[in-house]
Amino acid sequence: MSTAHLDTFTADHLPPPQQWPELIFEGPELQALAERGVLNCASELLDTALQKGWGERSCVVSDTEHWTYAELAQRSNRVAQVLVHDMGLVPGNRVLLRSPNTPMMAACWLGVVKAGGVAVPTMPLLRARELRVILEKAQISHALCDAALADELHAAQAGSPLREVRWIAGSAAAGQPGQASLESAMEQHGPHFAAVATAATDTAFLAFTSGTTGVPKATMHFHRDVIAACLCWPRHTLRAQADDVFIGSPPLAFTFGLGGLLLFPLHIGASTVLLPQASPPLLIEGVRRHGATVIFTSPTSYRAMAARGQELRSSSLRHCVSAGEALPAATREQWSKATGLGLIDGIGSTELLHIFISARAEEALPGATGREVPGYRARVVDEQGQELPDGTVGRLAVRGPTGCRYLADERQLQYVQAGWNLTGDAYRRDEAGHFHYVSRTDDMIVSSGYNIGAPEVEDALMSHPAVAECGVIGVADEERGQIVKAYVVLREGHLPSDDTIKTLQDHVKATIAPYKYPRAVSFVPALPRTETGKLQRFRLRGTP
Ligand code: 3UK
């Protein structure tokens, strides 16, 4: 296989070929993609946009910047030159990116990839000890870091392979004392750069999993994978247009955000609003200020925004996408009642890059995630990998043009079995082909011999007006093996009391099979969540 990588670290640390998922390229476009030898995905997105005459279209927007496609291309070309000429980047080197979502972060991602580097975007909230693991694991030699986030990277750098850092000054006037900013280095270079002719199967970026336990895993994504993702879910399910304005909360370091807020809008000539902070109130303000039409965020954020749904009723929003966690039927209903808008649910994963089961809002079956996204195949299998009949709960297995490749990690053998990606989710498919989420495989509660999926109990609780948020786990019980325990955040105006507990238990018994009701209920002020909006059940386990 040919490569443009002179530094062969990523190729050297791919899983052995017999552990790769089987890839499928369905339809003429994906087949043509599979046949490409040379492909630089950043050039494919940006240079192609300019060739199509999109140069003057609005491209990346923030509260302070407004760049056209031509301006983003020029900036990423300047970043590429700083990397190659000033920082000594060699194709294949890994470049850490550390910044909140901003136009400069987008220019840096594209600049690294154009230069043949391997981008390693990271969550802004990471601390030195977490950054150190990433620097080591991905053998990172270069970094582009927001000056405001310098401290933790400084603290992580000593003794690590990181040699060259440039600080993004951003709107901060000062930057790092005594050090030139990335922006000033960019001014020393012209607006043109010929993208490195990477192979379609060279690694373009590494995404660390937002796994809630254990040592983080780095997933490896080829240049081809990026374009494959653009050709599947966005084209078939989202169906956004060039005049759409994208906005959302997930960081670009999370592939949900990278796809939704950068790759997908660029692929169709649309524009994207990048907000460094995107709490529910800031998202609402962003939608109004920028006339956003497509929004990407988590179920929790939709619940919080629904409280101010009236303000979004007559807004510009057209498509609302929910992912990262199961979307309870109650949240879908709450959102549509409050705003008059539907929701597109979709399950994706860092390993598969983006969404592979989803449904358009008007085709959605409340409580189900959706059907296979064209380009992907999904099935429900047993412990041996045998397909189960419809209606049976089992392990979700997925195949498509993208798939799991962990950088030097034995857990590859868990995620990929017999060519299928096993996402770690328990699912049930109905006869009409809708996939119903049950739980994470390891979050299945077994109580008196009954299998109970925690999210099902959460959905039932969430449909009660007293409940703002909740999380359900199984706790050890001598008599029953495990019992269902619920942690509940009450809405304003509701008091934690034995009466409330009884009311909620009765509500669950009347909503789903009574044996699933939470025998224990605790009231908490808030639930532990990851930066990507996922409930951290393992942290609830120690909570009284
Ligand atoms: C869970 C969902 C039910 C599920 C992601 C869209 O979440 C993303 O990636 P991660 O690697 O986590 C993957 C796991 O999260 N999950 C995600 N979406 C849903 N469960 N319904 C959903 N709609 O357990 C899955 O295995 O953090 C989501 C696009 C890109 C992504 N990386």
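Guide: Buried means under 20% relative accessible area, and exposed means over 50%. The model discussed here is predicted.

Visitor: Why does Cys59 count as buried?

Guide: The relative accessibility of Cys59 is 0%. The cut-off for buried is under 20%, so Cys59 is called buried.

Visitor: How many disulfides does a search of the whole structure find?

Guide: Zero. A disulfide needs two cysteine sulfur atoms within 2.5 Å. For Cys59, the closest cysteine sulfur belongs to Cys230 and is 13 Å away, which is too far for a bond.

Visitor: What makes a bond from Cys108 too far?

Guide: The closest cysteine sulfur to that of Cys108 is in Cys145, at 10 Å. The limit is 2.5 Å, so the separation is too far for a bond. Cys108 is also buried, at 1% relative accessible area.

Visitor: Ser322 and Ser249 are both serines; which class does each have?

Guide: Ser322, in strand E12 (residues 319-322), has 0% relative accessibility and is therefore buried. Ser249 has 27%. Partly exposed is the class between under 20% and over 50%, so Ser249 is partly exposed.

Visitor: Where is Ser249 found, and how far is Ser249 from Leu282 in space?

Guide: Ser249 is in the loop that runs between strand E9 (245-248) and helix H11 (255-268). Its C-alpha is 9.5 Å from that of Leu282, with their positions 33 residues apart in sequence. For Ser322 and Gly346, the C-alpha to C-alpha distance is 6.4 Å, and they are 24 residues apart in sequence.

Visitor: Which residues lie closest to the centre of the second largest pocket?

Guide: The second largest pocket holds about 840 Å³ of space. Ser249, Ala278, Ser279, Pro280 and Ser301 are the closest to its centre, out of 35 lining residues. Helix H12 (280-290), helix H13 (299-306), helix H15 (329-339) and strand E23 (467-477) are the elements that each give two or more residues to this lining. H13 gives the most, with five residues.

Visitor: What is the lining of the second largest pocket by class?

Guide: It has 18 nonpolar, 12 polar and five charged residues.

Visitor: How many cavities of 30 Å³ or more does the structure hold?

Guide: One. The volume of the largest cavity is about 40 Å³. A cavity is a set of points where a 1.4 Å probe fits but cannot get out, whereas a pocket is open.

Visitor: Which residues line the largest cavity, and how do they divide by class?

Guide: The lining consists of Val380, Glu387, Leu388, Pro389, Asp390, Thr392 and Arg429. Three are nonpolar, one is polar and three are charged.

Visitor: What makes Tyr302 and Trp335 an aromatic pair that is edge-to-face?

Guide: Of the 14 aromatic pairs found in the whole structure, Tyr302 and Trp335 form one with 4.8 Å centre to centre and 70° between the planes. Rings pair if their centres lie within 6.5 Å, and planes over 60 degrees apart count as edge-to-face. Both conditions are met, so the pair is edge-to-face. Tyr302 belongs to helix H13 and Trp335 to helix H15, so the pair ties together parts 33 residues apart in sequence. Tyr302 and Trp335 are both buried.

Visitor: Which residues do ring pairs link into a cluster?

Guide: Trp233, Phe246, Phe254, Phe256, Phe264 and Phe296 are linked in this way.

Visitor: How do you know that the charged end of Arg405 sits over the ring of Phe222?

Guide: The charged end of Arg405 is 3.5 Å from the centre of the Phe222 ring. The distance limit is 6 Å, with a further limit of 35 degrees from the ring normal. Arg75 has its charged end over the ring of Trp67, 4.2 Å from the ring centre.

Visitor: What is the phi of Ala408, and what is the phi of Ala418?

Guide: Most residues other than glycine have a negative phi. Ala408 has a positive phi of about 40°, and Ala418 has a positive phi near 55°. Ala408 is in the loop between strand E17 (394-399) and helix H16 (412-415), while Ala418 is in the loop between strand E18 (416-417) and strand E19 (420-429).

Visitor: Why does Ala418 count as exposed?

Guide: Ala418 has 73% relative accessibility. Exposed means over 50%, so Ala418 is exposed. Ala408 is at 49% and therefore counts as partly exposed.

Methods. Residues are numbered from 1 along each chain as its sequence is written. This is a predicted model: local features need pLDDT of at least 70, side-chain atom pairs count only at pLDDT 80 or more; totals for chains, interfaces and linings use all residues. Side-chain values use heavy atoms; hydrogens and water are left out. Buried means under 20% relative accessible area, exposed over 50%, partly exposed in between (1.4 Å probe, protein chains only). On a 1 Å grid over the protein atoms alone, a cavity is a set of points where a 1.4 Å probe fits but cannot get out, and a pocket is an open set with protein on both sides within 12 Å along at least five of seven lines; lining residues have an atom within 4 Å of a point. Grid points are joined across faces, edges and corners, and a volume is the space filled by probe spheres set on the points. Ala, Val, Leu, Ile, Met, Phe, Trp, Tyr, Cys and Pro count as nonpolar, Asp, Glu, Lys and Arg as charged, and the others, Gly among them, as polar. Helices (H or I, at least four residues) and strands (E, at least two) are DSSP runs, numbered from the N terminus. Rings of Phe, Tyr and Trp (its six-membered ring) pair if their centres lie within 6.5 Å; planes under 30 degrees apart count as stacked, over 60 as edge-to-face and the rest as tilted.
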